[in-house]
Amino acid sequence: MLNDDDLCRYARQVIIPNFNEKGQEKLLKTKCLIVGAGGLGCPVALYASAAGFGHIEIYDQDIIEISNLNRQIAHKNDNIGNSKSENLAQECMKINPNISVFPRKKNFNETINISNFNLIFDCSDNPKTKYTLNYLSHKYKKILISGSAVQMEGQLAIWKSGLNINYPCYECVFPKSDEKAPITNCREAGIIGPVTGLIGSMQVNEAIKEVVLKNYQSTAGNLFLYDGLTQNLDKIKLKKNRQCPICSK
Ligand SMILES: [Zn+2]
């Protein structure tokens with residue numbers, strides 16, 4: 001049962017068909033891991049908090065710098081020099097004090113136990129973390145909602161290989177390679193804020209559907225590619241790699 005405050009707080013979403021109070025109760029019981037408190041992590045954490053995901057943990061050991069502020073929208077000029085994860089958690093609690101948000105001032109690594117989470121948001125900006133999250137999410141049968149953005153382009157995918165053997169995993173589509181990867185980090189290649197904002201919002205949109213809506217067609221197994229120059233949004237059906245070292249066994 002939702003309390004009176006929550007009935008008012010979530011009034012505009014529980015009236016959506018197939019959502020209702022039961023859907024809101026599911027969101028409030030959902031435990032989210034957010035890896036990264038930057039360009040993607042900020043909108044993901046703010047929208048997930050506003051929507052009423054009941055338990056959120058945010059991993060990031062970085063400190064807020066002035067060059068982050070064009071896109072990391074929870075971090076303000078007064079916060080330069082402070083912890084990203086702590087500041088983002090505080091901003092989330094300002095929006096919604098009825099949920100629990102925990103900052104973790106360290107970078108995510110393979111020793112962190114993810115078994116208690118229901119949803120994993122990959123808001124990281126480096127391949128090592130993305131491969132680690134994919135490995136753990138497959139192993140522990142979690143839904144992994146992965147975003148990335150560089151310059152004026154963004155990507156979004158929902159990975160559920162641990163829950164359904166027919167779905168591909170991140171490594172099926174982006175196999176590890178010895179070749180030097182193209183520059184895809186914001187520091188070297190650049191990024192504009194609206195693209196990270198859009199992809200982060202889409203990550204939470206998918207999360208709400210995965211938790212709340214019954215009988216809907218999951219978008220897992222597709223890759224969404226957004227081009228901010230042309231405003232094209234492409235949806236590409238992905239193939240499972242039957243020799244994938246992570247999910248083929
Ligand atoms: Zn795979």
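**Exercise 1.** Decide whether Gln231 is buried or exposed in this predicted model, and state where Gln231 is found.

*Solution.*
Step 1. Gln231 has 7 other C-beta atoms within 10 Å. A residue counts as exposed at 12 or fewer, so Gln231 is exposed.
Step 2. The residue belongs to the loop between strand E7 (222-227) and strand E8 (232-237).
Step 3. Its backbone has a positive phi of about 65 degrees, although Gln231 is not a glycine. Most residues other than glycine have a negative phi.

**Exercise 2.** Asn20 also calls for a look at phi: state the value, the element that holds Asn20 and the exposure class of Asn20.

*Solution.*
Step 1. Asn20 is not a glycine, yet its phi is positive, at about 45 degrees.
Step 2. Helix H3 (residues 20-28) contains Asn20.
Step 3. There are 13 C-beta neighbours inside 10 Å, so Asn20 counts as partly exposed.

**Exercise 3.** Give the strand order of the open sheet and explain why one side of E3 and of E8 is left without a neighbour in the sheet.

*Solution.*
Step 1. The eight strands are ordered E3-E2-E1-E4-E5-E6-E7-E8, and the pairing is mixed.
Step 2. E3 and E8 stand at the edges; each has a single partner strand, so one side of each lacks a neighbour in the sheet.
Step 3. On average, neighbouring strands of this sheet are turned by 15 degrees against each other, direction ignored.

**Exercise 4.** Work out how the pairing in this sheet comes to be mixed, using the pairs E2 with E3, E1 with E2, E1 with E4 and E5 with E6.

*Solution.*
Step 1. Strand E2 (residues 55-59) pairs with strand E3 (residues 100-104) in the parallel sense over five bridges; Ile58 has Pro103 of E3 as its bridge partner.
Step 2. E1 and E2 run parallel and are joined by five bridges, with His55 of E2 as the partner of Lys31.
Step 3. E1 and E4 run parallel too, joined by four bridges; Val35 is bridged to Asp122 in E4.
Step 4. Strand E5 (residues 143-150) and strand E6 (residues 153-159) run antiparallel over seven bridges. Here Ile145 has Ile158 of E6 as its partner.
Step 5. Parallel pairs such as E1 with E2 and the antiparallel pair E5 with E6 both occur, in keeping with the mixed pairing of the sheet.

**Exercise 5.** Follow the chain from E1 through H4 to E2 and state the handedness of the unit; then do the same for E2, H5 and E3.

*Solution.*
Step 1. E1, H4 and E2 form a right-handed β-α-β unit. Strand E1 (residues 31-35) has four of its five residues buried.
Step 2. E2, helix H5 (residues 84-95) and E3 also form a right-handed β-α-β unit.
Step 3. H5 lies across E2 and E3 and runs at about 170 degrees to E3.

**Exercise 6.** Describe the surroundings of helix H4 (residues 41-51) and how H4 packs against helix H9 (residues 193-212).

*Solution.*
Step 1. Ten of the eleven residues of H4 are buried, among them Cys42, Val44 and Tyr47.
Step 2. Just after H4, Gly52 has a positive phi of about 95 degrees.
Step 3. The axes of H4 and H9 are 8 Å apart, at an angle of about 40 degrees. The two helices are therefore oblique to each other, and the crossing is right-handed.
Step 4. Residues in the contact include Pro43, Tyr47 and Ala51 of H4 and Gly197, Gly200 and Val204 of H9.
Step 5. H9 also lies across strand E4 (119-122), E5, E6 and E7, at about 170 degrees to E5.

Note on methods:
Residues numbered from 1 in each chain as written. Predicted model: local features only at pLDDT ≥ 70, side-chain atom pairs only at ≥ 80, totals over all residues. Pairing = 2+ DSSP bridges. Right-handed = clockwise from strand over helix to strand, strands pointing away. Buried ≥ 20, exposed ≤ 12 C-beta atoms within 10 Å, placed from the backbone. Axes fitted to C-alpha atoms, helices over the stretch in contact; angles between N-to-C directions. Parallel < 35°, antiparallel > 145°, perpendicular 65-115°, else oblique. Left-handed = near helix turned anticlockwise from the far one by under 90°. Contact = placed C-beta atoms within 7 Å.
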